[in-house]
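Trainee: Before we discuss this model, could you show it to me, so that I can ask how each description is reached?

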Amino acid sequence: MKKRTFLNRLKKEIIGRPGDEIEDIVSEYSGYIDDRIKKGLSEEDAVATFGDVSLLAEELSKKKDQ
């Protein structure tokens with residue numbers, strides 16, 4: 001999956017949070033992907049390190065609730 005697709009899906013999955021919080025999360029993961037690409041991973045491989053977008057969003061929701 002391409003970076004933009006991943007970030008768009010992540011943004012849709014974490015809906016319900018304040019807008020600035022959503023943008024912060026998306027920006028953070030964009031940076032993580034860029035860092036992995038700089039270390040030599042392809043865009044798709046960098047994105048794949050996060051696993052399923054829905055599961056990631058679920059984990060982020062659990063962290064928010066703690």
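**Two helices and some single residues**

Mentor: In this predicted model, helix α1, residues 3-13, packs with helix α2, residues 19-38, at an angle of about 155°, and their axes lie 10 Å apart.

Trainee: Why are α1 and α2 called roughly antiparallel to each other?

Mentor: Angles over 145 degrees count as roughly antiparallel, and the angle at which α1 and α2 pack is about 155°; α1 and α2 are therefore roughly antiparallel to each other. The crossing in which α1 passes α2 is right-handed.

Trainee: Which residues make the contact between α1 and α2?

Mentor: From α1 the contact is made by Lys3, Phe6, Leu7, Leu10 and Lys11, and from α2 by Ile22, Glu23, Ile25, Val26, Tyr29, Ser30, Ile33 and Asp34. Divided by character, the residues of this contact of α1 with α2 are eight nonpolar, one polar and four charged.

Trainee: How do you know that the buried residues of α1 line one face of the helix?

Mentor: The buried residues in α1 are Lys3, Phe6, Leu7 and Leu10. When one looks down the axis of α1, its buried residues fall within an arc of 95°, so they line one face of the helix.

Trainee: What makes Phe50 count as buried?

Mentor: Buried means under 20% relative accessible area, and Phe50, at 16% relative accessibility, therefore counts as buried. Phe50 is placed in the loop between α3 (43-48) and α4 (53-65), and, not counting residues up to four places away in sequence, Phe50 touches Phe6, Tyr29, Tyr32, Ile33, Arg36 and Leu56. From C-alpha to C-alpha, Phe50 and Tyr29 are 9.2 Å apart in space, although 21 residues apart in sequence.

Trainee: Why is Arg9 called partly exposed?

Mentor: Partly exposed covers what lies between the 20% limit for buried and the 50% limit for exposed, so Arg9, which has a relative accessibility of 37%, counts as partly exposed. Arg9 belongs to helix α1 and, leaving aside its neighbours within four places in sequence, is in contact with Met1 and Val53. The C-alpha atoms of Arg9 and Ala57 are separated by 9.5 Å, with their positions 48 residues apart along the chain counted as the separation.

Trainee: How do you know that Ser61 counts as partly exposed and Gly16 as exposed?

Mentor: Ser61, which lies in helix α4, has 31% relative accessibility and therefore counts as partly exposed. Exposed means over 50%, and Gly16, with a relative accessible area of 67%, is therefore exposed; Gly16 lies in the loop between α1 and α2.

Trainee: How far apart are the C-alpha atoms of Gly16 and Ser61?

Mentor: These C-alpha atoms, of Gly16 and Ser61, are separated by 10.0 Å, while the two residues are 45 residues apart along the chain. For Ser61 and Ile33, which are 28 residues apart along the chain, the C-alpha atoms are separated by 20 Å.

Notes: Residues are numbered from 1 along each chain as its sequence is written. This is a predicted model: local features need pLDDT of at least 70, side-chain atom pairs count only at pLDDT 80 or more; totals for chains, interfaces and linings use all residues. Side-chain values use heavy atoms; hydrogens and water are left out. Axes are lines fitted to C-alpha atoms, for helices over the stretch in contact, and angles run from 0 to 180 degrees between N-to-C directions. Helices (H or I, at least four residues) and strands (E, at least two) are DSSP runs, numbered from the N terminus. Angles under 35 degrees count as roughly parallel, over 145 as roughly antiparallel, 65 to 115 as roughly perpendicular and the rest as oblique. A crossing is left-handed if the near helix is turned anticlockwise from the far one by less than a right angle, and right-handed if clockwise. Contact means heavy atoms within 4.5 Å. Ala, Val, Leu, Ile, Met, Phe, Trp, Tyr, Cys and Pro count as nonpolar, Asp, Glu, Lys and Arg as charged, and the others, Gly among them, as polar. Buried means under 20% relative accessible area, exposed over 50%, partly exposed in between (1.4 Å probe, protein chains only). The arc is that of the directions from the helix axis to the C-beta atoms.
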